[in-house]
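Welcome to this tour! Open your viewer, get your selection tool ready, and follow along one stop at a time.

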Amino acid sequence: QVHLVESGGGSVQTGGSLRLSCVASAATYINYCMAWFRQAPGKQREGVASINPTYDHRYYADSVKDRVTISRDNAKKTLYLDMNNLKPEDTAMYYCAAQQCHSWSYSTRFNGAKYTYWGQGTQVTVSS
């Protein structure tokens, strides 16, 4: 069982930065693979970044590559998304999600249906 609590969203100007955090509660936290998703008004949900600690691999959507960094602190059971040089098109509700690592695969790293647990979401608004 996993419970996720997100924070760090807000309103910023174009070019600004934000750090999103997601605190996880899990009996076997180390065995969960996690990701950040976002959904903007009128658009489909999309994967933003994914992390698999088993291989120390990180994956990013092309739309945010080189502008964001996903990381996790196992001691604090916290997932982070550091976002820089934000653009208006980054405006969306951001969600963290988790799935058991034994079911993870590269092809489904950004497939929301594969993630069992979700946070409540935190809003990011970037003004022009």
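Start by selecting S71, a residue of strand 7. Is S71 buried or exposed? In this predicted model, S71 has a relative accessible area of 18%. Buried means under 20%, so S71 counts as buried. Now show what surrounds it: neighbours within four places in sequence aside, S71 is in contact with R19, I51, R58, T78, L79, Y80 and D82.

Two residues from that list, R19 and D82, make a good next selection. D82 in strand 8 is the bridge partner of R19. Stay with this pair of strands and colour residues 18-26, which are strand 3, and residues 78-83, which are strand 8. The two strands pair in the antiparallel sense over six bridges. Along the way you can also find L20, which stands opposite L81 in strand 8.

Next, select strand 1 as well. How many bridges link strand 1 and strand 3? There are six, and the pairing is again in the antiparallel sense. To see one spot where these strands meet, pick H3: its bridge partner in strand 3 is S25.

Now put the pieces together. Four strands form an open sheet in the order 1-3-8-7, with antiparallel pairing. At the edges you will find strand 1 (2-7) and strand 7 (68-73), each of which pairs on one side only. Turn the view to look along the sheet: on average, its neighbouring strands are turned by 15 degrees against each other, direction ignored. As a reminder from the textbook, strands of a sheet pair through backbone hydrogen bonds, either parallel or antiparallel.

Time to go inside. Select L81, which lies in strand 8. L81 is buried, with a relative accessible area of 0%. Which residues does L81 touch? Leaving out neighbours within four places in sequence, the contacts of L81 include L18, L20, W36, V48, I70 and Y94. For a distance exercise, draw a line from L81 to W118, C-alpha to C-alpha: these two are 15 Å apart in space and 37 residues apart in sequence.

L81 also leads you to the largest nonpolar core, which has 29 residues. Show L4, M34, W36, L79, L81 and Y94 as spheres, as these touch the most other members. Several strands supply at least two residues each to this core, among them strand 4 (32-39), strand 5 (46-52), strand 9 (92-100) and strand 11 (122-127). Which strand gives the largest share? That is strand 3, with five residues. Then hide this core and look for a second, separate one: it has eight residues, including C33, C101, W104 and Y115.

Finally, zoom out and show the chain as a cartoon. You can count 11 strands and zero helices. The radius of gyration is 14 Å, close to the 14 Å that the globule rule gives for 128 residues, so the chain is as compact as a globular protein of that length. The C-alpha atoms fill a box of roughly 40 × 30 × 25 Å along the principal axes.

Before you close the viewer, switch on the surface. The accessible surface of the chain comes to about 6600 Å², and 47% of that belongs to carbon and sulfur atoms. Under that surface, 46% of the 128 residues count as buried. As for contacts with a separation of 6 or more, 62% join residues 24 or more positions apart.

Definitions and conventions:
Residues are numbered from 1 along each chain as its sequence is written. This is a predicted model: local features need pLDDT of at least 70, side-chain atom pairs count only at pLDDT 80 or more; totals for chains, interfaces and linings use all residues. Side-chain values use heavy atoms; hydrogens and water are left out. Two strands pair if DSSP finds at least two bridges between them. Axes are lines fitted to C-alpha atoms, for helices over the stretch in contact, and angles run from 0 to 180 degrees between N-to-C directions. The radius of gyration is taken over C-alpha atoms; the globule rule is 2.2 Å times the number of residues to the power 0.38. Buried means under 20% relative accessible area, exposed over 50%, partly exposed in between (1.4 Å probe, protein chains only). Contact means heavy atoms within 4.5 Å. Accessible areas come from the Shrake-Rupley method with a 1.4 Å probe; for residues, only the protein chains shown count as cover. A nonpolar core is a set of buried Ala, Val, Leu, Ile, Met, Phe, Trp, Tyr and Cys residues joined through side-chain atoms within 4.5 Å.
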